[in-house]
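Here's a quick briefing to read alongside the model. Have the viewer open and follow along.

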Amino acid sequence: MEQGLNNTTTKEVPRTKNMGRESIEEGKLSNPLLVKNIDSESQVYGYGGRGENSGAGNEQQSGTFSSSATTMVVLSTLVAVSGSYVFGSAVGYSSPARSGVMDDLGLTVAEYSVFGSILTIGAMIGAVVSGRIADYIGRRGAMAFSEIFCILGWLAIAFSKVAWWAELGRLLVGCGMGLLSYVVPIYIAEITPKNLRGGFTTVHQLMICCGVSLTYLIGAFLNWRALALIGTVPCVIQILGLFFIPESPRWLAKIGQEKKCEDALQNLRGKNADISQEKSEIRDYTETLKRLSEASILDLFQRRYAYSAIVGVGLMVLQQFGGVNGIAFYASAIFISAGFSDSIGTIAMVAVQIPMTGLGVILMDKSGRRPLLLISSTGTCLGCLLVGLSFLLQNLQQWKHVTPILALVGILVFTGSFSLGMGGIPWVIMSEIFPINMKGSAGSLVTLVSWLGSWIVSYAFNFLMDWNSAGTFFMFSCVSGVTILFVAKLVPETKGRTLEEIQTSMNRFSEKR
């Protein structure tokens, strides 16, 4: 679909300061961003010969900012993904804490379900305001703000004497999670060089996996109150770390702090690095966007942003309705229903999840986003198909000795495949495709859609399993099949391109359509 746009021959166009609203709406914003004399290698750059490079050029012609990771970029990423660990620990908390919370606070199963699911409600609240907060007080400020919510929430849980106090704490942690799920990948995408952006942004998903897994492990040895107190540690680490890392140069440019933008960019790229081209592209792009009014969510439905909105929202919908949270939240119940040991199955899931997420981080900027998404969605489709087949055979009283193994293999295939691509890449792409004047509104919408889908699937999963276990997984498999087609037809390759190049080409695409 994007082939006609990206295979066109690009020519250098003189820079101008007089690019008004008309020029950006007509897709002419790309003029200062195109690279002269793109060679034959860069014409076929990308997946499947589709010409995805779209004027990005190869690394030599794109300037010195296609660089190696500096100490400051690594440090900034580690501080940011401390928030991702908080995210994971909050998700993983409800499983090991279940018996302790129910016994100490006298909760029924239904009441504990409220305690567990209210986290998602809080995340939706955080998601609604995440973009605006990140635009108003900056990326670092938004991370600090979210961690205050998380610390207050963890303390409320740890010292709760009644159920409603624990639920309030869980809600506060959820609000912090909703903010973090948006601002962490956005910040990382805005500070990293384009040739490293995908891998660094996917560390967000890797740390979520680590948070879930380590919380499971620690929870096996500590009671639920101590586990909640430990949850405050990465929050404090991130707040302290924020004092030692720079703000996003692109956000500083957006608010008119050009000197601070240059200082932050130089700090991130290294003292002796030539940042002139990258600084110029950020400045020119931001100056043009300033001529447009700050966008609202309704503006996302305008034609020039349609492509970005369809890709961003579509990936989140398909990610959630592929069944990941139903499988993650109720994995033990699935294994028991299939006749397999829940403890062995859960350990096997953790053992697969972290290495596959790490592999996705390594491959992100080598193979590109599209190939990983296609492989990942194919694997989740196959995994759900195997689990559904296991339940179908179980219902038919066929191959009774094989069905538990088939269910385990299917869950592990799904978990590994999801961790490889569909878990993290939609967040990477979300952080890349929206222009700076749209990121607040678009980020809020996309994050809200993700958490809403998470709540719907996790709430409905038990009802669906009671209705038809095999049918539930066959539906998830069909959603993954649709994901394959969606990625193949609509999702662009963003590997090796600056944020400005990606956003310009997608907006221009919308106008031409």
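What follows covers the nonpolar cores, one helix and a surface patch.

Keep in mind that this is a predicted model. The largest nonpolar core has 105 residues, and a nonpolar patch of about 650 Å² sits on the surface.

**Nonpolar cores**
- Within the 105-residue core, Tyr-93, Trp-154 and Phe-473 are the ones that touch the most other members.
- The top contributor to this core is helix H6 (residues 109-158), which supplies 15 residues.
- Apart from that core there's another one, made of eight residues, including Ala-264, Leu-265, Ile-275 and Ile-282.
- If you leave out residues up to four places away in sequence, Phe-473 touches Ile-327, Ile-334, Cys-384, Val-387, Gly-388, Phe-391, Phe-461 and Met-465.

**Helix H18**
- Helix H18 (residues 369-395) has 27 residues, so at 1.5 Å a residue it should span 39 Å. Its end C-alpha atoms are 39 Å apart, which agrees.
- H18 is mostly covered, with 19 of its 27 residues buried.
- Just after H18, Gln-397 takes a positive phi of about 60°.

**Nonpolar surface patch**
- The patch is made by Leu-214, Leu-217, Phe-221, Leu-222, Ile-230, Val-233 and Ile-237.
- Helix H8 (197-219) and helix H10 (232-241) are the elements that each give two or more residues to the patch.
- Ile-230, one of the patch residues, lies in helix H9 (residues 224-230).
- Why does Ile-230 count as partly exposed? Its relative accessible area is 35%, and partly exposed runs between the 20% limit for buried and the 50% limit for exposed.

Methods
Residues are numbered from 1 along each chain as its sequence is written. This is a predicted model: local features need pLDDT of at least 70, side-chain atom pairs count only at pLDDT 80 or more; totals for chains, interfaces and linings use all residues. Side-chain values use heavy atoms; hydrogens and water are left out. Patches are made of residues with over 30% relative accessible area and no salt bridge: like charges are joined within 9 Å, nonpolar side chains (Val, Leu, Ile, Met, Phe, Trp, Tyr) within 5 Å. Accessible areas come from the Shrake-Rupley method with a 1.4 Å probe; for residues, only the protein chains shown count as cover. A salt bridge is a side-chain nitrogen of Lys or Arg within 4 Å of a carboxyl oxygen of Asp or Glu. Helices (H or I, at least four residues) and strands (E, at least two) are DSSP runs, numbered from the N terminus. Buried means under 20% relative accessible area, exposed over 50%, partly exposed in between (1.4 Å probe, protein chains only). The expected span of a helix is 1.5 Å times one less than its number of residues. A nonpolar core is a set of buried Ala, Val, Leu, Ile, Met, Phe, Trp, Tyr and Cys residues joined through side-chain atoms within 4.5 Å. Contact means heavy atoms within 4.5 Å.
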